[in-house]
Amino acid sequence: MKVTLGAAIMAMVFIYLPALGEERVDRPGSVRVIDAAGQLEREGELQQTINRFSAAIAKTPSKAEIYLKRGNAYYSLGKKQRAVEDYDKAITLDPANAESYCQRGNAHYYLGDKKKAVEDFDKAIELNKSFVEAYFQRGNALFALDLKWQAVESYDRAIELNPTYAEAY
């Protein structure tokens with residue numbers, strides 16, 4: 001079964017963000033906006049999701065996670081270059097976040113810049129040696145660059161880390 005990036009983003013939002021309407025006194029306003037954006041994303045309303053993340057950025061412009069999530073929404077909407085801009089900002093704010101590099105690598109891959117994609121996947125792996133998705137995506141980019149043996153090594157590492165990761169087989 002192949003999992004699309006959009007489905008993975010939806011799952012991430014579902015797992016990491018509580019449902020709309022859950023109220024807790026200790027939550028600042030920007031978190032509620034993020035929660036609402038997550039709900040909209042689950043409902044497939046990507047432009048509204050982007051609008052909500054933009055509102056959260058206006059309230060909390062120094063939070064890398066919001067740029068990453070808005071970048072994911074842009075990516076799902078097909079606006080890959082705009083996603084790269086948000087991933088760039090997320091990386092500037094939190095250069096130790098491997099997920100931002102991996103997501104930017106995915107966007108570079110689909111924009112046709114496989115070399116930049118490999119660089120981003122390499123950085124994600126440097127930051128998180130057990131990042132299965134980064135190994136898998138690096139394998140895809142290396143394969144596209146006709147570096148087949150290196151691609152196989154990346155796929156093998158993904159399988160070694162997670163033998164049930166079917167996409168890498």
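**Figure 1. The whole chain, a predicted model built from helices.** A residue is called buried when its relative accessible area is under 20%, and of the 169 residues of this chain, 44% count as buried. The model is predicted, with a pLDDT that averages 83 over the chain and reaches at least 70 for 74% of the residues. Over residues 1-29, however, the pLDDT is below 50, although this stretch still has 41 contacts in the model beyond its near neighbours in sequence. The chain has nine helices and zero strands, and reading along the sequence therefore gives the pattern α-α-α-α-α-α-α-α-α. Among contacts between residues at least 6 apart in sequence, 46% join residues that are at least 24 apart. The accessible surface of the chain comes to about 8800 Å², and carbon and sulfur atoms account for 54% of that surface.

**Figure 2. Helix α8 and the elements that cover its buried residues.** Helix α8 is mostly covered, with 10 of its 13 residues buried. The buried residues of α8 include V132, A134 and Y135, and they also include F136, Q137 and R138, while G139, N140, A141 and L142 are buried in this helix as well. The cover over the buried residues of α8 includes α6 (98-111), α7 (114-127) and α9. At 1.5 Å a residue, the 13 residues of α8 should span 18 Å, and the end C-alpha atoms of the helix are 19 Å apart, which agrees. After α8 comes D146, a residue whose phi is positive, near 65 degrees.

**Figure 3. The ring of F136 and its two aromatic partners, Y155 and Y165****.** The structure holds four aromatic pairs. In one of them, the ring centres of F136 and Y155 are 5.8 Å apart and the ring planes stand at 45 degrees, so this pair is tilted. The pair links distant parts of the chain, since F136 belongs to helix α8 (residues 132-144) and Y155 to helix α9 (residues 148-161), 19 residues apart. F136 counts as buried, with a relative accessibility of 6%, and Y155 counts as buried at 16%. F136 also pairs with Y165, where the centres are 5.4 Å apart and the planes are at 75 degrees, so that this pair is edge-to-face. Because F136 lies in helix α8 and Y165 in the segment after α9, the pair ties together parts that are 29 residues apart in sequence. Both F136 and Y165 are buried.

**Figure 4. The aromatic cluster of Y75, Y109 and Y110, with lysines over two of its rings****.** The residues Y75, Y109 and Y110 form one aromatic cluster. Over the ring of Y75 sits the charged end of K80, at 4.1 Å from the ring centre. Over the face of Y109 lies K114, at 4.3 Å from the centre of that ring.

**Figure 5. R52 in helix α3****.** R52 is found in helix α3, which covers residues 46-59. This residue is partly exposed, because its relative accessible area is 37%. Along the chain, R52 and I66 are 14 residues apart, and their C-alpha atoms are separated by 9.9 Å in the model.

Conventions
Residues numbered from 1 in each chain as written. Predicted model: local features only at pLDDT ≥ 70, side-chain atom pairs only at ≥ 80, totals over all residues. Heavy atoms only, no water. pLDDT = per-residue confidence, 0-100. Contact = heavy atoms within 4.5 Å. Phe/Tyr/Trp six-rings, centres within 6.5 Å; stacked < 30°, edge-to-face > 60°. Helix = DSSP H or I, 4+ residues; strand = E, 2+ residues; numbered from the N terminus. Buried < 20%, exposed > 50% of the residue type's maximum accessible area, 1.4 Å probe, protein only. Lys NZ or Arg CZ within 6 Å of the ring centre and 35° of its normal. Areas by Shrake-Rupley, 256 points an atom, 1.4 Å probe, with all protein chains shown as cover. Expected span 1.5 Å × (residues − 1).
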